[in-house]
Amino acid sequence: MSVSIKIDLFGIGTIEGNLIRHIAPLTADAIIDKLPLILRGRFSFGSKKYWTLPGVEIFKGSNSKSIINVEKGDIVYNPKTDELIIAIEDVEMPNKVNKIGKVESHLEILLQAKNGLNTKLSK
């Protein structure tokens with residue numbers, strides 16, 4: 001099962017993606033239940049490899065399909081830091097993360113974002 005989502009970057013634009021439930025069902029369900037989510041996004045400490053949305057507050061641990069290598073466009077949940085991450089380029093994470101979806105279009109919009117920008121995820 002796949003759930004279409006919109007990621008609104010206030011004042012910049014909208015990115016479309018999908019949450020793919022069968023990859024990490026407990027994590028995906030917890031996030032779907034919290035939608036719409038509005039969080040302050042930021043880049044990963046100086047680099048623009050991924051956009052992170054800390055403070056999701058679902059606290060789901062890693063699962064058997066957890067990964068370290070994230071591909072461009074992946075939407076992942078990091079259980080260690082309780083944050084959603086959208087990968088802007090291929091990156092190796094410091095710990096295992098749960099892949100929960102994929103961005104379908106307009107990923108380059110994230111490069112225009114500034115740290116602290118309100119980001120809204122909705123169905």
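Here are a few friendly notes on strand β7 and its surroundings in this predicted model.

1. A good place to start is strand β7, which covers residues 83–87. Five of its five residues are buried, so β7 is largely enclosed by the rest of the structure.

2. Next, look at which way the side chains face. In a regular strand, side chains alternate between the two faces of the sheet. Here Glu83, Ile85 and Ala87 point one way from β7, while Leu84 and Ile86 point the other way.

3. Strand β7 has partners to trace. Strand β4 (residues 50–54) runs antiparallel to β7 and is joined to it by five bridges. Strand β6 (residues 74–78) also pairs with β7 in the antiparallel sense, over four bridges. Ile85 is a handy landmark: Thr52 is its bridge partner, and Val76 stands opposite Ile85 too.

4. The link between β6 and β7 is a hairpin with four residues between the strands. In that turn, Asp82 has a positive phi of about 50°.

5. Glu83 deserves a closer look. What is the nearest side chain of opposite charge to Glu83? That is Arg42, 4.1 Å away, and Glu83 has no salt bridge although it is buried. The Glu83 side chain does make a polar contact with the side chain of Thr81, at 2.8 Å. Beyond its sequence neighbours within four places, Glu83 is in contact with several residues, including Arg42, Leu53, Pro54 and Tyr77.

6. Finally, the aromatic rings: the count comes to one aromatic pair. Phe43 and Trp51 form this edge-to-face pair, 4.9 Å centre to centre with 75° between the planes. Phe43 counts as buried at 6% relative accessibility, and Trp51 counts as buried at 0%.

Methods: Residues numbered from 1 in each chain as written. Predicted model: local features only at pLDDT ≥ 70, side-chain atom pairs only at ≥ 80, totals over all residues. Heavy atoms only, no water. Helix = DSSP H or I, 4+ residues; strand = E, 2+ residues; numbered from the N terminus. Buried < 20%, exposed > 50% of the residue type's maximum accessible area, 1.4 Å probe, protein only. Lys, Arg positive; Asp, Glu negative; His and termini not counted. Salt bridge = Lys/Arg side-chain N within 4 Å of Asp/Glu carboxyl O. Polar contact = N/O pair within 3.5 Å; in protein donor to acceptor, adjacent residues only side chain to side chain. Contact = heavy atoms within 4.5 Å. Phe/Tyr/Trp six-rings, centres within 6.5 Å; stacked < 30°, edge-to-face > 60°. Pairing = 2+ DSSP bridges.
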